[in-house]
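This report describes one protein chain and its ligand for a reader who has not seen them before. It starts in a loop and then turns to the core, the helices and the ligand.

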Amino acid sequence: MSLADDISTCRLCAGQFAATATHHAPRPVVWFRPSARILIAGQAPGARVHESGWPFTDPSGDRLRAWLGLDEATFYDRDRIAIVPMGFCFPGYDARGADIPPPLICRETWHDRVMAELGDLDLIVPVGLHAIRYHTGHRGSLTEAVQGWRAHAPRLFPLPHPSWRNTAWLKKNPWFEAELLPELRTRIRDLL
Ligand code: SF4
């Protein structure tokens, strides 16, 4: 069985998810093949992705594809682009309806093995602070991490999460769309 198959059958968080307000079962969204040279490293599936079984099938995905300059066919070409979130399953909502962060056990169990299988990538795009921390070791704020993008380019571009919750952040930081995104799109075009 491949590593992707092993992750697909993982049920380590079954008890934890059953105890959330959503009472759901694990459904890992696994989207990588060893041939991929570009990695999109997300946070965790949301409720819509939990239903579809495909990563980023939601408004966040539409915004992310626009940021990257990718159509759906290219974005979902697993042979070229791996999409690996810090938690492979929807973590659920807490009693107040807030998103629960990706379970730490997922990263501890799977991520080093996934990264070893993907090998020497041409481009890593961590999306959101959890993924940025794993892929860069950054310990400060999201804004500091994204503002420091030139220190990692052209092999890594840290992004905020494309959720509507970050629309105010985007307005406050216009350099992100004016400076970082054009460089990232050029890099992706060159690689594809
Ligand atoms: S979140 Fe990760 S560790 Fe937990 S059940 Fe899903 S695949 Fe397994």
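## A buried glycine in a loop

G42 is found in the loop that runs between β1 and α3 (47-52). The model is a predicted one. Is G42 buried or exposed? G42 counts as buried because 30 C-beta neighbours lie inside 10 Å, and the cut-off for a buried residue is 20 or more. Leaving out residues up to four places away in sequence, G42 touches P55, I83, P85, V127, G128 and A131. W67 is 25 residues from G42 along the chain, and the C-alpha atoms of the two are separated by 14 Å.

## The nonpolar core

In soluble globular proteins, nonpolar side chains tend to be buried together. Here the largest nonpolar core has 44 residues. Those with the most contacts inside this core are F32, L39, A41, A82, I83 and V125. At least two core residues each come from β1, α4 (59-68), β2, α6, β3 (123-126), α7 (129-136), α8 (142-147) and α10 (175-191).

Which residues are in contact with L39, leaving aside its neighbours within four places in sequence? They are A82, V84, L118, L121, I124 and V125.

## Helices α6 and α7

Helix α6 covers residues 104-118. It has 15 residues, and from its first C-alpha to its last α6 reaches 21 Å, close to the 21 Å expected at 1.5 Å a residue. At W110, α6 bends by about 40°. W110 is also one of the buried residues of α6, together with C106, V114 and L118. The cover over these buried residues includes α1 (3-8), β1 (38-41) and β2 (81-83). After α6 comes G119, which has a positive phi near 70°.

In α7, the buried residues are L129, H130, A131, I132 and H135. Their cover includes β1, β3 and α8. A glycine with positive phi follows here too: G137, just after α7, has a phi of about 80°.

## The shell around the ligand

How many residues lie around the ligand? There are 14, and of these C10, C13, P26, C89 and C106 come nearest. By type, the shell divides into 11 nonpolar, 2 polar and 1 charged residues. Helix α6 gives the most to this shell, with 3 residues. C106, one of the residues that come nearest to the ligand, is buried in α6.

## Loop residues and the end of α5

R27 lies in the loop between α2 and β1. R27 is partly exposed because it has 16 other C-beta atoms within 10 Å, a count between the limits of 12 and 20. Not counting residues up to four places away in sequence, R27 touches H50, G53, C89 and F90. C89 is also among the residues that come nearest to the ligand. From R27 to L70, 43 residues apart along the chain, the C-alpha separation is 26 Å.

H23 is placed in the loop between α2 (14-18) and β1, while F56 lies in the loop between α3 and α4. Although H23 is not a glycine, its phi is positive, at about 45°. F56, likewise a residue other than glycine, has a positive phi near 55°. H23 counts as exposed because only 12 or fewer C-beta neighbours are allowed for that class and H23 has 9 inside 10 Å. F56, with 27 such neighbours, counts as buried.

F75 is in helix α5 (residues 72-75). With 17 other C-beta atoms within 10 Å, F75 is partly exposed. F75 touches R65, L70 and I81, not counting residues up to four places away in sequence. F75 and D120 are 45 residues apart in sequence, and their C-alpha atoms are 20 Å apart in space.

The table sets out the C-beta neighbours of five residues.

| Residue | C-beta neighbours within 10 Å | Class |
|---|---|---|
| G42 | 30 neighbours inside 10 Å | buried |
| F56 | 27 neighbours inside 10 Å | buried |
| F75 | 17 neighbours within 10 Å | partly exposed |
| R27 | 16 neighbours within 10 Å | partly exposed |
| H23 | 9 neighbours inside 10 Å | exposed |

One peptide bond remains to be described. The bond from A153 to P154 is cis, with omega near 5°. P154 is placed in the loop between α8 and α9 (167-172).

Note on methods
Residues are numbered from 1 along each chain as its sequence is written. A residue is near a molecule or strand if its C-beta atom, placed from the backbone, lies within 6 Å of it. Helices (H or I, at least four residues) and strands (E, at least two) are DSSP runs, numbered from the N terminus. Ala, Val, Leu, Ile, Met, Phe, Trp, Tyr, Cys and Pro count as nonpolar, Asp, Glu, Lys and Arg as charged, and the others, Gly among them, as polar. The expected span of a helix is 1.5 Å times one less than its number of residues. The bend at a residue is the angle between axes fitted to the seven residues ending there and the seven starting there. Two residues are in contact if their C-beta atoms, placed from the backbone, lie within 7 Å. A nonpolar core is a set of buried Ala, Val, Leu, Ile, Met, Phe, Trp, Tyr and Cys residues joined through C-beta atoms within 7 Å.
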